[in-house]
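Colleague: I should be grateful for a close look at one part of this model, namely the hairpin and the strands around it. Please set that part in the context of the whole chain.

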Amino acid sequence: MNGSSFHQPAPATAVFEALMGQRIPGGCEDCDAYQTVEVTAPGIYSLQVHHDATCPTYMAIVAARHGGGR
Ligand SMILES: [Zn+2]
C-alpha cells in the first residue's frame with residue numbers, strides 16, 4: 001500500500017464526513033488509484049491518494065521527497 005497525503009481545505013465538512021471510510025475511485029491519471037478521507041486533527045481532513053506501486057506519478061513524488069526537495 002502506498003500513499004501520499006495532500007492537505008486540502010474543507011469547504012464542506014459534511015461531504016468529507018460522508019466519505020469517511022470509503023474508497024473513492026480516481027485521484028491519479030497514471031494508475032488505478034483510489035482516495036480515502038482521513039482526519040489528521042479535529043476539523044482537519046486529509047485526502048489520501050493511494051497509488052499503484054508501479055505508478056510513475058507516485059514514483060516521481062517519492063523521488064522528489066527523497067531528492068532534497070525541501
Ligand atoms: Zn498514481
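Modeller: Let us begin with the chain as a whole, in which buried residues make up 10% of the 70 residues. The model is a predicted one, and its mean pLDDT is 86, with 81% of the residues reaching 70 or more. The chain contains 2 helices and 4 strands. Followed along the sequence, these elements appear in the pattern β-α-β-β-β-α. Of the contacts in the chain with a separation of 6 or more, 40% are between residues 24 or more positions apart.

Confidence should be considered before any detail is read. Among the elements of the chain, strand E2 has the highest mean pLDDT, 96, whereas strand E1 (residues 4–7) has the lowest, 67. Where pLDDT is low, the predicted coordinates should not be read in detail.

We may now turn to the part you asked about. Strand E3 (residues 34–41) pairs with strand E2 (residues 24–25) in the antiparallel sense, over 2 bridges. One residue pair illustrates this arrangement: Ile24 has Gln35 of E3 as its bridge partner.

Strand E3 also pairs with strand E4, again in the antiparallel sense, and here there are 7 bridges. Two pairs of facing residues may be located in the structure. Val39 stands opposite Tyr45 in E4, and Val37 stands opposite Leu47 in E4. As a general guide to viewing such strands, the side chains in a regular strand alternate between the two faces of the sheet.

The hairpin formed by E3 and E4 has 2 residues between the strands. Within this hairpin, Gly43 takes a positive phi near 85°.

Finally, consider His50, which belongs to strand E4 (residues 44–50). A residue is classed as buried when 20 or more other C-beta atoms lie within 10 Å of its own. His50 has 20 other C-beta atoms within 10 Å and is therefore buried. In sequence, His50 is 14 residues apart from Thr36, while in space the two are 7.9 Å apart, C-alpha to C-alpha.

To draw the description together, E3 pairs in the antiparallel sense with E2 and with E4, and E4 includes the buried residue His50.

How values were computed. Residues are numbered from 1 along each chain as its sequence is written. This is a predicted model: local features need pLDDT of at least 70, side-chain atom pairs count only at pLDDT 80 or more; totals for chains, interfaces and linings use all residues. A residue is buried if 20 or more other C-beta atoms lie within 10 Å of its own, exposed if 12 or fewer, and partly exposed in between; C-beta atoms are placed from the backbone. Two residues are in contact if their C-beta atoms, placed from the backbone, lie within 7 Å. Two strands pair if DSSP finds at least two bridges between them. pLDDT is the predictor's confidence in each residue, from 0 to 100.
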